[in-house]
Amino acid sequence: MNDILVVDDERDIRELICDILRDEGYATRMAGTSDACMAELNRAAPGLMILDIWLKDSKMDGIDILGHVKRDNPDVPVVIISGHGNIEIAVAAIRQGAYDFIEKPFNIDQLLVVIRRAMEASRLRRENASLRRQDLREVQMIGSGAAFRALKSNLDKVTKSNGRVMLTGAPGSGKEVAARYVHAQSSRADGPFVVVSSASIQPDEMEVKLFGRESAERGVEQGLLEQAHGGVVYFDEVADMPLGTQSKILRVLVDQSFTRVGGTTKVRVDLRVISSTSRDLAEEIAQGRFREELFHRLNVVPIDVPSLEDRRDDIPELARHFIAEFNREQGLPNRALGQDAATLLQTMRWPGNVRQLRNMIERVLILGEGNGPVQPSDLPGQVEATQGADDDAMSLSSRLTTLPLREARELFERQYLMAQINRFGGNISRTASFVAMERSALHRKLKSLGIVTTSKSGARIAQMEDEDTEPDIED
């Protein structure tokens with residue numbers, strides 16, 4: 001994409017321009033008709049086009065060709081030249097996406113200045129896109145537990161295909177990270193990754209944001225789908241998409257084309273679609289809030305992203321990763337994670353999932369004192385619980401204090417052992433070692449307490465045999 005394609009029906013002019021450009025060190029190609037121009041474009045996209053408006057003995061004029069170029073090769077800058085120039089033609093060309101308009105007979109120095117600026121602008125856009133893609137390639141999937149390995153195995157299977165993927169999971173569990181990982185490992189890694197935040201875009205703005213707009217005042221405005229051409233479009237929380245937009249997205253998935261708002265020309269796109277949702281789409285369909293046809297189009301490969309509570313064995317590794325990340329990006333202290341703090345993190349509740357853990361680590365590093373290892377007292381909510389207490393003191397919940405000793409002990413043992421089993425990813429041997437019990441004795445204790453382990457998201461978790469009667473020691 002470093003050569004210049006000169007399109008003009010006058011042979012003398014196109015040869016003159018090419019001679020001058022070659023003297024300036026540019027590689028050139030020529031075309032005298034619209035058919036020859038389209039053949040050159042199909043052979044290889046140029047770095048820049050110099051395009052005459054009026055093309056004798058051609059099926060298309062320069063404005064028609066400009067529309068094709070901006071649709072299929074939007075990154076190629078186009079300089080329009082014309083011997084019949086007027087304000088209306090110039091405005092129409094700029095609205096269609098031309099870089100500049102020069103009237104014949106043109107000044108060679110002026111033409112060269114415009115070409116240099118257009119080539120430099122194109123180079124900067126490519127460099128920016130390359131930097132963005134480099135950031136995407138650096139997407140890291142952090143973890144080593146069973147649930148994480150199962151997730152990563154599923155993601156690796158879909159990276160080599162072009163199939164549509166539906167990521168399900170609770171908010172904050174890392175669905176966008178998973179989507180970016182698929183993109184970065186796929187054959188589309190050099191293409192864009194465009195996020196459509198269905199929940200944050202106002203319903204009356206959704207179609208303009210997605211499909212773009214054509215208007216006399218603003219010309220052509222690319223939408224998110226057009227920006228994602230050649231790469232991946234990620235529909236975040238797709239259940240929040242308005243019903244009217246859902247039907248149009250369904251048509252895009254079928255045709256791989258759409259019309260901008262206010263426009264009449266079909267825009268073709270080459271997209272891979274990855275979607276995510278934290279809702280039950282079957283229920284959304286039953287309530288008439290989501291189109292069943294769209295669900296089946298998007299849900300080709302469903303992948304569940306486990307919650308943080310289903311991958312507690314990854315919490316210390318994630319916490320250390322966030323500490324290093326905040327040190328690198330914000331200069332916050334690169335503190336070690338103390339073993340007691342890591343244990344406490346593994347037994348805490350995480351309704352906000354990985355996002356909540358990341359925010360907590362950032363808060364600890366900002367508000368913490370010193371550069372020593374992170375201790376339990378550094379964690380939010382733990383300082384108040386330990387202030388004024390002896391080292392061996394224990395804060396009891398109000399529920400425990402209302403029960404007789406036997407019932408309180410059984411309730412505590414049940415909750416304690418479930419927390420430890422989940423902390424170790426369902427590994428009974430590691431749990432028995434930590435709680436200092438023989439494995440056979442632990443099995444007997446679990447049976448007496450009604451605790452069973454089941455498989456969820458590729459990992460083993462502890463739960464009550466009858467979940468409807470599961471006790472809770474929280475206030």
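Two strands pair if DSSP finds at least two bridges between them. Helices (H or I, at least four residues) and strands (E, at least two) are DSSP runs, numbered from the N terminus. The model is predicted, with local features needing pLDDT of at least 70 and side-chain atom pairs pLDDT 80 or more, while totals for chains, interfaces and linings use all residues. Residues are numbered from 1 along each chain as its sequence is written, and side-chain values use heavy atoms, leaving out hydrogens and water.

**Exercise 1. Work out how β1 fits into its sheet.**

Step 1: Start with one pair. Strand β1 (residues 3-7) runs parallel to strand β3 (residues 48-52), and four bridges join them. Within this pairing, L5 stands opposite M49 of β3.

Step 2: Recall the general idea. Strands of a sheet pair through backbone hydrogen bonds, in a parallel or an antiparallel way.

Step 3: Widen the view. The open sheet has five strands in the order β2-β1-β3-β4-β5, with parallel pairing. At its edges stand β2 (27-31) and β5 (100-103); each has a single partner strand, so one side of each is left without a neighbour in the sheet. On average, neighbouring strands here are turned by 20 degrees against each other, direction ignored.

Step 4: Add the helices. Helix α3 (residues 62-72) lies across β3 and β4 (78-82) and runs at about 160 degrees to β3. Helix α4 (residues 87-95) lies across β4 and β5, at about 150 degrees to β5. For such angles, axes are lines fitted to C-alpha atoms, for helices over the stretch in contact (heavy atoms within 4.5 Å), and the angles run from 0 to 180 degrees between N-to-C directions.

**Exercise 2. Describe the surroundings of R22.**

Step 1: Find R22 in helix α1 (residues 11-23).

Step 2: Check its accessibility. Buried means under 20% relative accessible area, exposed over 50%, and partly exposed in between (1.4 Å probe, protein chains only). At 42%, R22 is therefore partly exposed.

Step 3: Look along the chain. I4 is 18 residues away from R22 in sequence, and their C-alpha atoms are separated by 9.8 Å.

**Exercise 3. Which strands pair with β13, and is β13 mostly covered or not?**

Step 1: Strand β6 (residues 165-168) pairs with β13 in the parallel sense over four bridges. Here M166 stands opposite S275.

Step 2: Strand β10 (residues 232-236) also runs parallel to β13, joined by four bridges. Y234 has I274 as its bridge partner in β13.

Step 3: Strand β13 (residues 272-277) is mostly covered, with six of its six residues buried. R272, I274 and S276 point one way, V273, S275 and T277 the other.

**Exercise 4. Classify two aromatic pairs.**

Step 1: Learn the rule. Rings of Phe, Tyr and Trp (its six-membered ring) pair if their centres lie within 6.5 Å; planes under 30 degrees apart count as stacked, over 60 as edge-to-face and the rest as tilted. The count by this rule is four aromatic pairs.

Step 2: F193 and Y234 are stacked, at 6.0 Å centre to centre and 25 degrees between the planes. This pair links distant parts of the chain, F193 in strand β7 (residues 193-197) and Y234 in strand β10, 41 residues apart. Both F193 and Y234 are buried.

Step 3: The rings of F412 and Y416 have centres 5.6 Å apart and planes at 20 degrees, so this pair is stacked. Both lie in helix α18 (residues 405-423), four residues apart, about one turn of the helix. F412 is partly exposed at 34%, and Y416 is partly exposed at 31%.
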